[in-house]
Amino acid sequence: FVTSETSSAPMMNLFMEPASEASSGPMVDLLMDPASDDLKEPPKPDINPLADIINDAPLSEVKTPVAAMTQEPPSDLFDDEPSELFAEPRQSNTAKQQQTSIFDEPDEDLFSEPLGEALKKPQNDVFKEALAPVAKDPTDIFTEEAITTLPSAVSTVSVNSKTNGVHSDEEEPDIFAEATVELSLDSPRNDRKKKEAAKPSASASAPSVSASASKPQPKTLEELIIAFHSTGDGMNAYMAYKVSTQTTLPMFRSKTFTVRRRFSDFLGLYEKLSDKHTLNGYIVPPPPEKSIMGMTKVKVGKEDNSSAEFVERRRAALERYLQRVVFHPSLLQDPDVREFLERDDMPRAHNTQALSGAGFLKMINRATDSLSKMTIKMNESDVWFEEKLQEVEAEDQQLRKLHIMVDSLVGHRKELSVNTGGFAKSVAMLGSSEDNTALSRALSQLAEVEDKMEQLHQEQAASDSFCFAELLADYIRLLGSVRASFDQRMKTWQRWQDAQNMLQKKRETEAKLLWANKPDKLQQAKDDITEWEAKVTQYERDFDRVSATVRKEVLRFEKEKARDFKKQIIKYLESLLQSQQQLIKYWEAFLPEAKAIA
Amino acid sequence: MHVVLCQGLDDGPDFLSEEDRGPRAVNVDLQTDATLQVDISDALSERDKVKFTVHTKSTLPNFKQNEFSVVRQHEEFIWLHDSFVENEEYAGYIIPPAPPRPDFDASREKLQKLGEGEGSMTKEEFTKMKQELEAEYLAIFKKTVAMHEVFLCRVAAHPVLRKDLNFHVFLEYNQDLSVRGKNKREKMEDFFKNVVKSADGVLVAGVKDVDDFFEHEKTFLLEYHNRVKDASAKSDRMIRSHKSAADDINRIASTLYTLGTQDSTDVCKFFLKVSELFEKTRKIEARVAADEDLKLADLLKYYLRESQAAKDLLYRRGRALVDYENANKALDRARAKNKDVLQAETSQQVCCQKFEKISESAKQELIDFKTRRVAAFRKNLVELAELELKHAKGNLQLLQSCLGVLKGDT
């Protein structure tokens with residue numbers, strides 16, 4: 001691993017340095033075509049520095065005619081080493097450029113995606129609005145890796161420079177990671193929501209349109225709109241959600257498509273993603289919880305506010321969940337995600353049912369997990385992880401407290417709304433029995449004002465709930481996932497340690513055999529040692545890889561969290577502002593009436 | 001019309017100001033003159049009683065001095081009120097309703113619970129909640145002072161009641177009036193008396209009045225009283241929810257503060273700013289609830305009591321009418337039998353006089369009541385609207401400036 005040494009050091013710096021500076025030089029030469037001078041950002045995280053660390057023969061992989069590598073069926077890319085996702089996309093990209101004929105399948109486009117993201121950086125100015133901060137995220141991930149591989153990439157990439165350039169001119173669908181996923185209801189509200197959904201994407205697409213004007217690359221936007229639609233009846237009824245995707249990502253078969261999904265399908269997706277990716281330290285966004293109470297009420301056809309609210313809340317939560325999934329650059333690549341979005345009918349995810357066999361298995365696993373967690377005492381070499389974990393736990397605690405309080409606020413506001421309504425009616429009655437006409441009129445006006453206040457409080461409570469409480473609930477769940485990724489890292493560490501212990505034992509056995517002079521068993525012992533040595537190396541590398549992934553994921557998560565919180569809280573404050581403005585209007589209308597009493 | 005405290009003809013303290021300075025008579029518009037001015041200049045809250053310092057300024061010859069003060073307790077106010085009620089002479093007047101008993105139980109309980117729960121919350125939270133509760137205690141205290149004062153002012157303003165001897169004793173006698181609260185037996189007696197009275201009241205109310213004015217007033221007051229009672233209860237509930245919501249915002253603000261102090265990242269600074277905002281808006285929300293309490297809930301409560309007093313007046317008149325009619329019948333019977341005619345005649349005369357006296361003053365009282373009521377409602381509703389606007393605008397400004405800062409940062 002010649003390159004591993006060289007790459008690991010600078011890689012650390014990468015976290016600090018702005019990628020552009022380091023990468024501008026050689027990359028520009030490599031990939032810049034006069035035609036695509038906007039592509040300032042080396043889209044060339046061609047070789048993943050992580051790959052260097054992780055793969056046995058990273059460079060060799062790169063150097064080998066990429067054809068060899070890329071001839072593997074694309075599905076390999078999604079095998080259990082998602083790290084490859086970073087490695088191979090770039091590599092196959094170069095391959096693609098060389099041998100465009102071989103790769104007609106749309107899957108190839110997956111490789112170009114990360115490229116696209118990196119390409120986006122130069123567009124920052126255009127994308128300032130909602131996108132720039134978002135755009136930066138994926139690029140950060142990639143550019144970090146890009147830099148170190150520069151020296152090594154040069155050799156391979158130079159061959160492809162022309163084609164690269166050309167290719168990036170034409171085909172680089174810049175995957176824009178911001179997927180706007182929207183779940184909307186099949187109702188008049190639906191239109192409104194769709195329009196609202198359309199707006200952020202419209203604003204996103206506007207710059208993209210202008211971007212494409214200035215630069216030949218079309219920006220890709222992915223936008224998901226989810227509506228719900230009830231099917232079946234009685235206790236067999238279930239809510240089917242219409243997931244509508246709008247995208248220009250080439251990896252999908254068409255530009256817009258809609259599928260029907262059940263709640264268990266969403267859970268199934270999570271299970272699949274979690275099984276595959278949590279092992280490697282990824283933070284997989286969790287879906288909303290099951291709620292027997294809520295769904296039963298809806299099924300029974302109880303027509304009241306609480307069940308309507310429940311449905312809307314669930315729909316919105318599912319939408320946010322999907323949005324987070326597609327926003328995650330690695331998860332987006334997962335074929336399960338694509339299948340979920342695209343495939344017309346999916347097999348039922350039975351193992352998500354609580355009382356299924358799989359459900360019990362899960363419970364047992366979880367129990368053993370938590371038990372083992374308690375017993376693992378990790379020898380933490382990197383204090384960053386320890387500190388982060390503590391931060392995460394403290395934050396979790398605070399968020400939970402906050403959530404309880406916001407719930408309490410929602411409850412009290414609802415109560416206030418109801419009581420205001422009662423008061424309004426009472427004042428109206430009082431006004432009607434008052435015999436002074438001016439006072440009577442003023443009192444009925446007061447009743448009207450209080451009536452409007454009831455409405456206002458009701459809306460405010462809804463805003464409290466949807467904007468604020470749901471945000472907190474989401475992040476409490478997400479922090480759980482973050483914790484899981486830390487746990488995963490601990491597990492890989494444990495595995496490594498166990499392997500080391502095993503190796504030690506094997507060596508002792510060999511020593512004993514040597515001493516006891518039993519040559520026949522010696523060979524076996526030697527074989528064992530070799531086997532375990534390999535395992536130790538493997539596990540150590542796994543641990544490092546997972547650590548790196550966890551670290552990267554946590555940073556990404558924190559950025560996303562910061563953005564999310566700011567956005568949502570600002571939205572919430574704006575709704576408060578609107579309420580106050582309404583309030584002022586109402587009381588200003590009332591004041592002259594009160595003054596007119598004589 | 002100007003607002004008057006029993007402090008003479010000058011304007012009372014600005015009701016629109018942040019603090020409630022001094023007692024206030026918000027529910028009545030009284031004209032006082034220099035001959036008799038009463039106010040509660042001070043009050044002391046002890047373990048389970050409140051001591052009011054009643055201060056009088058008078059140019060009336062009945063008093064030894066022109067200005068003097070005495071210390072009175074709640075029971076003595078009640079004694080005074082009851083003496084009015086029991087006095088036959090005052091049957092034709094609306095007796096100003098007695099002030100409600102000072103009730104600090106709820107507040108005290110909360111303070112106690114806070115003390116017990118001290119260990120479970122952070123120091124900041126504890127001090128904040130303590131300040132909250134102390135403010136609440138103070139507010140209740142001020143209210144009770146005001147209500148006692150209003151009672152005295154009403155008496156002092158009433159042309160007849162102000163001359164009452166008991167009242168003068170109350171104002172002047174600077175030693176303990178030795179008024180003891182009613183003991184159990186007396187309370188039982190009261191209870192039975194009330195039962196009898198209400199039964200009687202129903203009977204009396206059933207009697208149709210010849211006078212249209214009073215007939216109208218009877219139906220009006222009955223309906224009005226019930227509706228005011230309902231409105232008063234509902235307003236209390238509404239305001240309580242409002243206060244709970246404000247409390248929640250308070251706690252949210254402190255948790256956000258904790259979140260914000262965990263780190264110095266952008267997000268944390270954001271949290272700190274939002275926490276600050278919530279702190280401020282909460283204060284405003286609490287004020288809104290408090291003002292609604294003053295202007296709306298207190299108003300309704302007061303008129304609940306006054307309308308009851310008016311109903312009582314009508315009852316007394318009704319009773320006198322029934323007595324009068326009975327006396328008439330008795331006289332007719334006596335004349336028919338020609339026995340005890342003189343006796344019957346005198347009793348009929350007495351009843352007649354009593355009835356007419358009551359009727360005359362009652363009419364005026366009821367008209368005054370109406371005027372007072374309309375004026376008080378007007379004043380309070382205007383002030384309520386103005387305060388709501390003031391606070392909403394304050395809130396709006398806070399939100400706008402905070403949003404400006406937050407959006408600018410991101």
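A salt bridge here means a side-chain nitrogen of Lys or Arg within 4 Å of a carboxyl oxygen of Asp or Glu. Keep that in mind for the views below, which come from a predicted model.

**View 1. Glu391(A) and Lys388(A) pair up in a salt bridge.** The closest N and O atoms of Glu391(A) and Lys388(A) sit 3.3 Å apart, inside the 4 Å cut-off. Both residues belong to helix α16 of chain A, and because they are 3 residues apart, about one helical turn separates them. Their surroundings are worth a look too: Glu391(A) is partly exposed, at 31% relative accessibility, whereas Lys388(A) is down at 10% and counts as buried.

**View 2. Helices α16(A) and α17(A) cross in chain A.** Staying with α16, we now bring in its partner. Two packed helices are described by the angle between their axes and the distance between the axes. Here α16 covers residues 383-433 and α17 covers residues 437-516, and their axes come within 7 Å. The crossing angle is roughly 165°. Angles over 145 degrees count as roughly antiparallel, so that is the label for α16(A) and α17(A). As for handedness, α16(A) and α17(A) make a left-handed crossing.

**View 3. Glu533(A) and Arg507(A) form a salt bridge between distant parts of the chain.** The N-to-O distance between these two side chains is 2.5 Å. Glu533(A) lies in helix α18 (residues 519-595) of chain A, while Arg507(A) lies in helix α17 of chain A, and the two are 26 residues apart. Glu533(A) is partly exposed at 33% relative accessibility, and Arg507(A) is partly exposed as well, at 35%.

**View 4. Arg319(B) and Asp323(B) meet along helix α7 of chain B.** Now over to chain B. The salt bridge between Arg319(B) and Asp323(B) spans 3.4 Å, N to O. Helix α7 runs over residues 266-337, and because the two partners are 4 residues apart in it, they are separated by about one helical turn. Arg319(B) is partly exposed at 26% relative accessibility, and Asp323(B) is partly exposed at 25%.

**View 5. A salt-bridge network joins a set of chain A residues.** Shared partners link Arg313(A), Arg320(A), Arg324(A), Glu470(A), Asp474(A), Arg477(A), Arg556(A), Glu560(A) and Asp564(A) into one network. For the wider picture, the structure holds 56 salt bridges over all chains.

**View 6. Helices α3(B) and α6(B) pack together in chain B.** Helix α3 takes up residues 123-157 and helix α6 takes up residues 212-260. Their axes are 11 Å apart, at an angle of about 160°, which makes α3(B) roughly antiparallel to α6(B). This crossing of α3(B) and α6(B) is right-handed. To get your bearings, chain B has 8 helices and 3 strands, and the order from the N terminus is β-β-β-α-α-α-α-α-α-α-α. Of its 410 residues, 49% count as buried.

**View 7. A nonpolar patch shows on the surface of chain B.** Met188(B), Phe191(B), Phe192(B) and Val195(B) make up this patch, which amounts to about 420 Å². Take Val195(B) as one of its members: Val195(B) is found in helix α5 (residues 184-206) of chain B. At 41% relative accessibility, Val195(B) counts as partly exposed.

Terms used
Residues are numbered from 1 along each chain as its sequence is written. Chains are lettered from A and ligands numbered from 1 in the order in which they are written. This is a predicted model: local features need pLDDT of at least 70, side-chain atom pairs count only at pLDDT 80 or more; totals for chains, interfaces and linings use all residues. Side-chain values use heavy atoms; hydrogens and water are left out. Patches are made of residues with over 30% relative accessible area and no salt bridge: like charges are joined within 9 Å, nonpolar side chains (Val, Leu, Ile, Met, Phe, Trp, Tyr) within 5 Å. Accessible areas come from the Shrake-Rupley method with a 1.4 Å probe; for residues, only the protein chains shown count as cover. Buried means under 20% relative accessible area, exposed over 50%, partly exposed in between (1.4 Å probe, protein chains only). Axes are lines fitted to C-alpha atoms, for helices over the stretch in contact, and angles run from 0 to 180 degrees between N-to-C directions. Angles under 35 degrees count as roughly parallel, over 145 as roughly antiparallel, 65 to 115 as roughly perpendicular and the rest as oblique. A crossing is left-handed if the near helix is turned anticlockwise from the far one by less than a right angle, and right-handed if clockwise.
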